[in-house]
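I opened the notebook today to look up covalent cross-links and unusual backbone geometry. The entries below follow the order in which I went through them.

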Amino acid sequence: MLSITGMPVLIVSFVLFVVMLAVALVVLPRRRRPGLRKYVEQAVTILLVVFLALSTTFLYLNRDNHWYGAWGDLFANNDIGAVSTTDFGSAVAQNASYKETTGGDLTDLQRDPQSNPALGEVSSKDSTGQWLNVTMAPSSGSKTQLSVDALVWLPPGYVGTPDRSYPVVVAFPGVPGSPGTYQNGLRIDDLILDNVDSGSMQAPIVVVPDVFPDNADTECVDGAAGKWETWISTDMRTWITTNLRTVPDRQAWAVSGYSAGGWCAAMISLRHPDQYAWGISLAGYFDVEYTPGQVQNDPDDPRYQLDQLAGKKKPDVALWAFAGGQDQPALDALHGFQSHVSAPTSLIATTSEAGGHRTPVWVTPQQDSLKWLGQVSPWFAADGS
């Protein structure tokens, strides 16, 4: 009845705010008695008005975004509790053996990233990898003419191994959100290095494009805000393969994303299985969910009905999806999608006992999903030597 996401508690908070605001504006100014008590009453009332204004705003936003699914989640220290997984569709072997690519047809700019102006300042000191701020400007053959800012993480040793190519993780942020969440919130570089140290995977290149510029809800689709799906599958891909040393095999490419970015990852992998063999969705969804006032095209566009795509076309893609135990919209979306998955499409549906729709909840699942890449793909697998 009084759950943190329920309407009754929001109404109670709003009514109390209105009452205390009326007391502050109407009742207290009428009191003429002198003394300390009058000022204490004014101070307490003002503090209550501020507190109730903040709590009402928080409850309203939390009801919309499901950051916290229960009162106890506020004090859970980001512990998501027990995790369970269920497989749907094709079974993917999880005993991949390490592959390393050296040599090949590499350009001088690929071999020497420090001389590549598209990458900006690249340090030779990269024992723990390094983040680069880049702009993916349209080339002469651009399909979209979009110019997109992005973060690129080069793994340790990238600069000093000019003949080695790497697997790639393209990571999509949510909306509202920014590419910086992967650097400062999820800390995907630290998660990768932890997995490398534990022998769970080899380090990939990570590319985080700003597919929601200024928090515009593009949903990564071709629509009114631009041809974002086309950009991801053509212009972005060309920029990455031109400027970075990447393995061309589809099994060396994965997409990952959280929230709206999880939708992007699922959609891009299912619609472009020739480019990506692996998709990771953290608290994402499987049907477009346009922000009010930002509808990009027909919500019933069959291109973006992922349950129908998985059920009918059955792309040869393996998905790893997570939903927190108190993130009801993500749980509903995952449960609604999983029944449509059949071979050769594969889905590992992962749910936790607790956890709402917040970045700290996704840290452990992000690490687990990267570890999974090391188990299923030879290009992400750890060097066993």
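**Entry 1, disulfide.** I searched the predicted model for disulfides and found that the structure holds one. The partners are Cys 220 and Cys 264, whose sulfur atoms I found to be 2.1 Å apart, which falls within the 2.5 Å that the assignment of a disulfide requires. I then looked up the torsion about the S-S bond, which is 90°, and I noted the link of Cys 220 and Cys 264 as right-handed.

Which parts of the chain does the pair tie together? I placed Cys 220 in the loop between strand 7 (205-209) and strand 8 (222-223), and Cys 264 in helix 7 (residues 260-271), so the disulfide joins parts that are 44 residues apart in sequence.

I also asked whether Cys 220 is buried or exposed. Its relative accessible area is 0%, so I entered Cys 220 as buried, and for Cys 264 I wrote down buried as well, at 0% relative accessibility.

**Entry 2, cis peptide bonds.** Before going on with the backbone I reminded myself that most peptide bonds are trans and that most residues other than glycine have a negative phi.

Against that background I recorded the peptide bond from Val 175 to Pro 176, which is cis with omega near -5°. I located Pro 176 in the loop between strand 6 (168-172) and helix 4 (180-185).

I recorded another cis peptide bond from Ala 343 to Pro 344, where omega is near 10°. In this case the proline, Pro 344, is found in the loop that runs between helix 9 (328-338) and strand 13 (346-352).

**Entry 3, positive phi.** Where does Arg 187 lie? I found Arg 187 in the loop between helix 4 and helix 5 (188-197), and its phi is near 50°, a positive value in a residue that is not glycine. With a relative accessible area of 35%, I listed Arg 187 as partly exposed.

I next turned to Asp 214, which has a positive phi of about 55° although it is not a glycine. Asp 214 lies in the loop between strand 7 and strand 8, and going back to Entry 1 I saw that Cys 220 is placed in the loop between strand 7 and strand 8 too. As for accessibility, I entered Asp 214 as exposed at 78%, whereas Cys 220 had been entered as buried at 0%.

Key. Residues are numbered from 1 along each chain as its sequence is written. This is a predicted model: local features need pLDDT of at least 70, side-chain atom pairs count only at pLDDT 80 or more; totals for chains, interfaces and linings use all residues. Side-chain values use heavy atoms; hydrogens and water are left out. Helices (H or I, at least four residues) and strands (E, at least two) are DSSP runs, numbered from the N terminus. Buried means under 20% relative accessible area, exposed over 50%, partly exposed in between (1.4 Å probe, protein chains only).
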